[in-house]
Amino acid sequence: MKDFYDHIDDYINERMSPEERAAFDLELAINSQLDQAVKNHPAAMSLIESIIEEETRASISEVIAESSATTATTRSPAKTTKLRSIMRWVAAACTIGAVAMWGLNGYQHGQMEGDILANYVQDISLGGTKGGQATSTMDSVIHYYNTNQRAAAITRIDQLTKTNLLEEDLITYQRIRMYSLFYSEDYNAAAEQAKKLKGMTPQDTELLYFSLVLAKRTAEARRVLSMMDSVAVARVGHFVE
Amino acid sequence: MQNITEDADLLVRQIRAGSAERKNAVKQLVNNQKLKNKVVSYVTRNSGDKTDGETMFHDAIVTMIKTVFSKPGYVITSHPHAYILGVAKHLWMNELRKKGRHSSTSLDVVAEPISDDNSLSLMMTGDTRRIISAVLDQMAKNCKQVLMLWSGGYKMTEIAAALEYSSEGMARKKKSNCMKELYAYLQEHPHIVERIRPI
């Protein structure tokens, strides 16, 4: 056998003669890299078998984008205005998402329970304060954000993220920072912040996409679009051309 | 333009012929309003909305392409439209089961035989798809092409011809190098291996 790596698939799928198999087993016993490759082979195959799915989804996105672009051209001469209005809609949706996510994180950490959570989220949605005073570090950030003091929110978050934070809280801060940057029309920075998010939601992905579109980073926007589900693609795919 | 979506044999050949032909097949399927309406109609009659219907339509197309591509010699025995509608129905039933909204009496009977294999389990879930997309994004385009064709059961001579390599040996060497790169990447990123569910 010239190169054992070329025969891993044959080894796993038992397409070897007894002699070849014995030689492979012998090499496996002394070659830890090969052994690891054999163990990782199923994951490698999962990736490879997914390429066709990726290609097909990209084709579907292209077809939908083509037809959406045609429709948009005939229906809406004021494309920029339409884009802006969608931006605002997305940003508004994300605001709700950020608060909801924060509430959920807090709940998961046992910091709030049952009715307290409901009251707290309602309180935050009304401005993030109790009696005019911010009630916690997170409150203050939400308060800045909800009162359109986005630069202050970003500054506060930057201070906080230098300290030791629970990972879930860090993600929430990063998410609020991303929305703040986006809503401040700093689309490049919003995109970069989005890329740093762990566990992106579909909403986050959509925001990243719009940030890239508005920052005129078309190639990257297309790549992000190819990762979205077909419904999102149908709705927003035509903005990247 | 010939309507390949009406002829199962032709459609299968197109899907396996090459990237451009496959793209044309996808375009004709996606733009087939009548077929799309059938899928959307089924889903909306069974606890879903239009958006669910469109998602199932696209997912059914993806499933069909993936199945045909990954199984050399695969035969679609029914009309392509019936096949896609059948796949969409199965996908939607699975979706309803996941959501706990499945009632055996509320769904129409699925008349079309799909296949005797595990085609429907070939679909990636959203989260896995995102991870896989991110990894594939880092893979060189020519590696993706050669590995995709190899996994689709294409012979090295066919791969060499499709990707314009000078010889079968060149295609074999390219595949070998790409596989080694992928093994090395996975070894360096064990958390990705854990997240990818083997198909």
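**Exercise 1. Determine whether B:Met93 is buried or exposed, and place it in chain B.**

Step 1. Apply the burial scale: buried is under 20% relative accessible area, exposed is over 50%, and partly exposed is in between, with a 1.4 Å probe and protein chains only.

Step 2. B:Met93 has a relative accessible area of 12%, so B:Met93 is buried.

Step 3. Locate the residue: B:Met93 belongs to helix 5 of chain B, residues 80-99. Helices are DSSP runs of H or I with at least four residues, strands are runs of E with at least two, and both are numbered from the N terminus.

Step 4. Check a distance: 9.1 Å separates the C-alpha atoms of B:Met93 and B:Asn46, which are 47 residues apart along the chain.

The model is predicted: local features need pLDDT of at least 70, side-chain atom pairs count only at pLDDT 80 or more, and totals for chains, interfaces and linings use all residues. Residues are numbered from 1 along each chain as its sequence is written, chains are lettered from A and ligands numbered from 1 in the order in which they are written, and side-chain values use heavy atoms, with hydrogens and water left out.

**Exercise 2. Describe the secondary structure and burial of the two chains.**

Step 1. Chain B has ten helices and zero strands. Its elements, from the N terminus on, run α-α-α-α-α-α-α-α-α-α.

Step 2. Chain A has twelve helices and two strands. From the N terminus on, its order is α-α-α-α-α-β-β-α-α-α-α-α-α-α.

Step 3. Of the 199 residues in chain B, 50% are buried. In chain A, 49% of the 241 residues count as buried.

Step 4. Take contact as heavy atoms within 4.5 Å. Among contacts with a separation of 6 or more, residues 24 or more positions apart account for 66% in chain B and for 50% in chain A.

**Exercise 3. Find which residues of helix 1 of chain B are buried, and what covers them.**

Step 1. Helix 1 spans residues 8-17, and seven of its ten residues are buried, so the helix is mostly covered.

Step 2. The buried residues are B:Ala8, B:Leu10, B:Leu11, B:Val12, B:Gln14, B:Ile15 and B:Arg16.

Step 3. The cover over these residues includes helix 2, helix 4 and helix 5 of chain B.

Step 4. At the start of the helix, a side-chain oxygen of B:Asp7 comes to within 3.1 Å of the backbone nitrogen of B:Asp9.

**Exercise 4. Characterise the disulfide of the structure.**

Step 1. A disulfide is a pair of cysteine sulfur atoms within 2.5 Å. Over all chains, the structure holds one.

Step 2. The disulfide joins B:Cys143 to B:Cys178, with S to S at 2.0 Å.

Step 3. The torsion about the S-S bond is about -85 degrees, so the disulfide is left-handed.

Step 4. B:Cys143 lies in helix 7 of chain B and B:Cys178 in helix 9, so the bond ties together parts 35 residues apart in sequence. Both B:Cys143 and B:Cys178 are buried.

**Exercise 5. Describe the interface of chain B and chain A.**

Step 1. Count the residues: 46 of chain B are in contact with 40 of chain A.

Step 2. Buried area is the accessible area (1.4 Å probe) that two parts lose on being put together, summed over both. For chain B and chain A this is about 4,000 Å², with carbon and sulfur atoms giving 66%. On the chain B side, B:Arg129, B:Arg130 and B:Tyr183 lose the most area to chain A, together 16% of what that side buries.

Step 3. A salt bridge is a side-chain nitrogen of Lys or Arg within 4 Å of a carboxyl oxygen of Asp or Glu. The rule finds five across the interface. One of them pairs A:Arg57 with B:Asp59 (3.2 Å, N to O).

Step 4. Helix 2 (19-30), helix 4 (50-70), helix 6 (126-138), helix 7 (141-151) and helix 9 (168-188) of chain B each supply at least two residues of the side that touches chain A. Helix 4 of chain B gives the largest share, ten residues.

Conventions: A polar contact is a pair of N or O atoms within 3.5 Å; within protein, one must be able to donate a hydrogen and the other to accept it, and residues adjacent in sequence count only if both atoms are side-chain atoms.
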